[in-house]
Amino acid sequence: ALDVGCGPGDMTVDLAKRGFRTWGIDISDEMIDIARSMTEAAGLDESLVSLEVGDIEHLDSPDNQFDVVIAAGVVEYLDTDDGWIAEIQRVLKPGGLLILNVTNRYAVRRLTAPFFDSLKSFPPFLKLMNSVKNGLLHKGEVHRFPFRPRTHAPGSFDRFLAENGFEKLAHRYFAFSVLPYPFDTMFGFVTIPIRKYLEKYTAHNMVLTGTGYIVKARNMKSSTENSS
(Lines give C-alpha, C1' and ligand atoms only; values in the text may rest on other atoms or scores of the structure.)
Protein backbone atom coordinates (compact mmCIF):
# COMPACT_ATOMS: atom_id res chain seq x y z
CA ALA A 1 0.00 0.00 0.00
CA LEU A 2 1.11 3.55 -0.76
CA ASP A 3 -0.08 6.34 1.56
CA VAL A 4 0.38 9.58 -0.37
CA GLY A 5 0.48 12.71 1.77
CA CYS A 6 0.92 10.55 4.86
CA GLY A 7 1.38 13.54 7.19
CA PRO A 8 2.26 12.39 10.73
CA GLY A 9 1.75 8.76 9.72
CA ASP A 10 -1.52 7.79 11.40
CA MET A 11 -2.90 5.97 8.37
CA THR A 12 0.48 4.54 7.43
CA VAL A 13 0.77 2.92 10.86
CA ASP A 14 -2.81 1.64 10.68
CA LEU A 15 -2.22 0.08 7.26
CA ALA A 16 0.91 -1.67 8.50
CA LYS A 17 -0.94 -3.00 11.54
CA ARG A 18 -3.58 -4.40 9.18
CA GLY A 19 -0.92 -6.44 7.39
CA PHE A 20 0.07 -4.21 4.48
CA ARG A 21 3.67 -3.67 3.48
CA THR A 22 3.34 0.11 3.50
CA TRP A 23 5.10 3.06 1.91
CA GLY A 24 4.31 6.55 3.17
CA ILE A 25 5.36 9.73 1.38
CA ASP A 26 4.82 13.40 2.12
CA ILE A 27 6.06 16.63 0.58
CA SER A 28 7.13 17.85 4.05
CA ASP A 29 10.38 16.73 5.68
CA GLU A 30 8.93 17.59 9.08
CA MET A 31 5.90 15.34 8.56
CA ILE A 32 8.14 12.44 7.55
CA ASP A 33 10.21 12.90 10.73
CA ILE A 34 7.04 12.81 12.83
CA ALA A 35 5.78 9.76 10.94
CA ARG A 36 9.05 7.93 11.59
CA SER A 37 8.68 8.64 15.31
CA MET A 38 5.14 7.26 15.19
CA THR A 39 6.16 4.06 13.44
CA GLU A 40 8.97 3.52 15.93
CA ALA A 41 6.58 4.09 18.84
CA ALA A 42 4.22 1.53 17.30
CA GLY A 43 7.03 -1.02 17.11
CA LEU A 44 7.03 -1.17 13.30
CA ASP A 45 10.40 -1.70 11.64
CA GLU A 46 11.60 -0.95 8.12
CA SER A 47 10.49 -4.37 6.86
CA LEU A 48 6.88 -3.20 7.32
CA VAL A 49 7.01 0.56 6.70
CA SER A 50 9.08 2.80 4.44
CA LEU A 51 8.83 6.59 4.80
CA GLU A 52 10.33 9.24 2.57
CA VAL A 53 9.79 12.71 1.17
CA GLY A 54 7.88 12.44 -2.09
CA ASP A 55 5.62 14.16 -4.60
CA ILE A 56 2.38 12.61 -5.87
CA GLU A 57 3.02 14.08 -9.32
CA HIS A 58 6.51 12.55 -9.52
CA LEU A 59 6.47 9.24 -7.65
CA ASP A 60 9.79 7.47 -7.16
CA SER A 61 8.28 3.99 -7.61
CA PRO A 62 8.35 1.42 -10.42
CA ASP A 63 5.32 0.63 -12.56
CA ASN A 64 2.67 -1.72 -11.17
CA GLN A 65 4.11 -1.82 -7.65
CA PHE A 66 1.11 -1.25 -5.36
CA ASP A 67 -2.12 -3.06 -4.65
CA VAL A 68 -3.62 0.02 -2.98
CA VAL A 69 -2.93 3.76 -3.20
CA ILE A 70 -4.52 6.12 -0.68
CA ALA A 71 -4.43 9.91 -1.03
CA ALA A 72 -6.25 11.70 1.78
CA GLY A 73 -6.39 15.49 1.68
CA VAL A 74 -3.91 15.82 -1.17
CA VAL A 75 -5.30 16.43 -4.64
CA GLU A 76 -7.31 19.54 -3.74
CA TYR A 77 -4.02 21.31 -3.00
CA LEU A 78 -2.58 20.65 -6.46
CA ASP A 79 -2.99 22.99 -9.41
CA THR A 80 -4.52 20.36 -11.70
CA ASP A 81 -5.53 16.69 -11.72
CA ASP A 82 -3.55 15.66 -14.78
CA GLY A 83 -0.21 14.86 -13.16
CA TRP A 84 -1.25 12.85 -10.13
CA ILE A 85 -3.80 10.65 -11.92
CA ALA A 86 -1.21 9.50 -14.45
CA GLU A 87 1.37 8.74 -11.76
CA ILE A 88 -1.04 6.85 -9.51
CA GLN A 89 -2.25 4.73 -12.39
CA ARG A 90 1.35 4.02 -13.36
CA VAL A 91 2.35 2.68 -9.93
CA LEU A 92 -0.92 0.80 -9.28
CA LYS A 93 -1.15 -2.81 -10.35
CA PRO A 94 -3.87 -3.73 -12.84
CA GLY A 95 -6.98 -4.14 -10.71
CA GLY A 96 -5.38 -2.20 -7.88
CA LEU A 97 -7.47 0.09 -5.71
CA LEU A 98 -7.35 3.87 -5.44
CA ILE A 99 -8.97 5.53 -2.41
CA LEU A 100 -8.95 9.32 -2.22
CA ASN A 101 -11.03 12.28 -1.15
CA VAL A 102 -11.82 15.71 -2.55
CA THR A 103 -13.74 18.75 -1.32
CA ASN A 104 -17.33 18.80 -2.57
CA ARG A 105 -17.99 21.98 -4.56
CA TYR A 106 -21.74 21.87 -4.02
CA ALA A 107 -21.84 21.37 -0.26
CA VAL A 108 -23.92 23.99 1.54
CA ARG A 109 -20.97 24.81 3.80
CA ARG A 110 -18.93 25.86 0.75
CA LEU A 111 -21.51 28.39 -0.46
CA THR A 112 -20.17 31.23 1.68
CA ALA A 113 -16.66 29.93 2.47
CA PRO A 114 -14.85 31.77 -0.38
CA PHE A 115 -16.50 35.04 0.62
CA PHE A 116 -15.51 34.76 4.28
CA ASP A 117 -12.02 33.54 3.35
CA SER A 118 -11.56 36.76 1.39
CA LEU A 119 -12.84 38.88 4.26
CA LYS A 120 -10.31 37.30 6.61
CA SER A 121 -7.58 39.17 4.73
CA PHE A 122 -8.95 42.44 6.14
CA PRO A 123 -7.64 42.93 9.71
CA PRO A 124 -10.73 44.78 11.04
CA PHE A 125 -13.08 42.05 9.85
CA LEU A 126 -10.77 39.30 11.14
CA LYS A 127 -10.74 41.01 14.53
CA LEU A 128 -14.54 41.13 14.50
CA MET A 129 -14.80 37.45 13.60
CA ASN A 130 -12.39 36.56 16.39
CA SER A 131 -14.43 38.61 18.85
CA VAL A 132 -17.56 36.70 17.93
CA LYS A 133 -16.05 33.21 17.73
CA ASN A 134 -13.64 33.44 20.66
CA GLY A 135 -15.21 36.09 22.87
CA LEU A 136 -18.90 35.27 22.56
CA LEU A 137 -18.97 31.64 21.46
CA HIS A 138 -15.75 30.51 23.21
CA LYS A 139 -14.76 28.36 20.22
CA GLY A 140 -11.19 29.58 19.73
CA GLU A 141 -9.79 31.95 17.16
CA VAL A 142 -10.63 32.06 13.47
CA HIS A 143 -8.18 30.12 11.29
CA ARG A 144 -6.50 31.74 8.31
CA PHE A 145 -4.94 29.37 5.83
CA PRO A 146 -2.35 30.57 3.30
CA PHE A 147 -4.04 28.61 0.52
CA ARG A 148 -7.53 27.80 -0.66
CA PRO A 149 -8.19 24.17 -1.62
CA ARG A 150 -9.67 23.37 -5.00
CA THR A 151 -13.16 21.93 -5.02
CA HIS A 152 -14.59 19.18 -7.21
CA ALA A 153 -18.11 18.38 -8.39
CA PRO A 154 -18.64 14.73 -7.34
CA GLY A 155 -20.31 13.71 -10.61
CA SER A 156 -17.63 15.34 -12.74
CA PHE A 157 -14.92 13.79 -10.60
CA ASP A 158 -16.44 10.33 -11.11
CA ARG A 159 -16.40 10.91 -14.87
CA PHE A 160 -12.80 12.13 -14.68
CA LEU A 161 -11.78 8.88 -13.01
CA ALA A 162 -13.64 6.84 -15.63
CA GLU A 163 -12.02 8.79 -18.48
CA ASN A 164 -8.62 7.96 -17.00
CA GLY A 165 -9.13 4.22 -16.72
CA PHE A 166 -10.68 3.80 -13.27
CA GLU A 167 -13.91 2.03 -12.40
CA LYS A 168 -15.70 3.60 -9.44
CA LEU A 169 -16.66 0.99 -6.85
CA ALA A 170 -18.11 3.07 -4.03
CA HIS A 171 -18.27 6.53 -2.50
CA ARG A 172 -18.80 8.07 0.91
CA TYR A 173 -19.64 11.63 1.92
CA PHE A 174 -18.29 13.04 5.19
CA ALA A 175 -17.97 16.27 7.20
CA PHE A 176 -21.70 16.96 6.99
CA SER A 177 -23.10 20.44 7.38
CA VAL A 178 -26.61 21.86 7.07
CA LEU A 179 -25.77 25.58 7.20
CA PRO A 180 -23.27 27.72 5.29
CA TYR A 181 -19.98 28.68 6.92
CA PRO A 182 -19.60 30.12 9.59
CA PHE A 183 -23.15 29.57 10.80
CA ASP A 184 -22.71 25.80 11.02
CA THR A 185 -20.00 26.45 13.64
CA MET A 186 -21.79 29.26 15.43
CA PHE A 187 -24.94 27.20 15.95
CA GLY A 188 -23.23 23.91 16.70
CA PHE A 189 -25.66 23.10 19.49
CA VAL A 190 -28.26 22.62 16.74
CA THR A 191 -26.17 21.51 13.77
CA ILE A 192 -23.88 18.94 15.42
CA PRO A 193 -26.68 16.47 16.30
CA ILE A 194 -28.04 16.82 12.75
CA ARG A 195 -24.59 16.26 11.25
CA LYS A 196 -24.11 13.11 13.34
CA TYR A 197 -27.50 11.83 12.23
CA LEU A 198 -26.63 12.37 8.56
CA GLU A 199 -23.59 10.10 8.88
CA LYS A 200 -25.86 7.07 8.51
CA TYR A 201 -26.51 8.22 4.93
CA THR A 202 -22.83 8.60 4.03
CA ALA A 203 -23.11 6.19 1.07
CA HIS A 204 -26.09 8.05 -0.41
CA ASN A 205 -26.06 11.05 -2.76
CA MET A 206 -25.49 13.67 -0.04
CA VAL A 207 -24.14 16.25 -2.47
CA LEU A 208 -25.63 19.24 -0.63
CA THR A 209 -24.66 18.30 2.92
CA GLY A 210 -21.41 16.33 2.61
CA THR A 211 -18.43 18.69 2.48
CA GLY A 212 -15.98 15.86 1.78
CA TYR A 213 -16.27 13.14 -0.87
CA ILE A 214 -14.33 9.85 -0.76
CA VAL A 215 -14.12 7.53 -3.76
CA LYS A 216 -12.88 3.96 -4.07
CA ALA A 217 -12.00 2.98 -7.65
CA ARG A 218 -10.27 0.12 -9.46
CA ASN A 219 -7.46 0.56 -11.97
CA MET A 220 -8.83 -0.99 -15.16
CA LYS A 221 -5.80 -0.66 -17.44
CA SER A 222 -3.53 -3.55 -18.19
CA SER A 223 0.12 -3.82 -17.12
CA THR A 224 1.14 -3.26 -20.75
CA GLU A 225 -0.74 0.03 -20.88
CA ASN A 226 0.77 1.15 -17.54
CA SER A 227 4.27 0.42 -18.76
CA SER A 228 3.87 2.09 -22.16
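Two residues are in contact when heavy atoms of theirs lie within 4.5 Å. With that meaning in hand, we can walk through this structure, which is a predicted model, and begin with a residue whose contacts are easy to follow. E87 touches I56, E57, H58 and L59, when residues up to four places away in sequence are not counted. The residue itself lies in helix α3, which covers residues 82–91. E87 counts as buried because its relative accessibility is 13%, and the word buried applies to values under 20%.

From here we can step back to the whole chain. The chain has 9 helices and 7 strands, and of its 228 residues, 42% are buried. Among the contacts with a separation of 6 or more, 76% are between residues 24 or more positions apart. The chain exposes about 12,400 Å², and carbon and sulfur atoms supply 57% of that area.

A second residue to look for is T39, which is found in helix α2, made of residues 29–41. Is T39 buried or exposed? Its relative accessibility is 7%, and therefore T39 counts as buried. Once its neighbours within four places in sequence are left aside, T39 is in contact with V13, L44, V49 and L51. It is also instructive to find A16, which is 23 residues away from T39 along the chain, while the C-alpha atoms of T39 and A16 are separated by 9.2 Å.

The next residue, S61, is placed in a loop, namely the one between strand β3 (49–53) and strand β4 (66–71). S61 has a relative accessible area of 17%, so this loop residue is buried. Not counting residues up to four places away in sequence, S61 touches F66, R90 and V91. Of these partners, F66 can be found in β4 (66–71), whereas R90 and V91 can be found in helix α3 (residues 82–91), the helix that also holds E87.

Finally, we can turn from single residues to a pocket. The second largest pocket holds about 400 Å³ of space, and 18 residues line it. Which of these residues lie nearest its centre? They are G5, D26, I27, G73 and V74. The elements that give two or more residues to this lining are β1 (2–4) and β2 (22–26). Sorted by class, the lining of the second largest pocket consists of 11 nonpolar, 4 polar and 3 charged residues.

Key: Residues numbered from 1 in each chain as written. Predicted model: local features only at pLDDT ≥ 70, side-chain atom pairs only at ≥ 80, totals over all residues. Heavy atoms only, no water. Helix = DSSP H or I, 4+ residues; strand = E, 2+ residues; numbered from the N terminus. Buried < 20%, exposed > 50% of the residue type's maximum accessible area, 1.4 Å probe, protein only. Areas by Shrake-Rupley, 256 points an atom, 1.4 Å probe, with all protein chains shown as cover. 1 Å grid on protein atoms, 1.4 Å probe; cavity = no way out; pocket = protein on both sides within 12 Å on 5 of 7 lines; lining within 4 Å. Points joined across faces, edges and corners; volume = space filled by probe spheres on them. Nonpolar A, V, L, I, M, F, W, Y, C, P; charged D, E, K, R; others polar.
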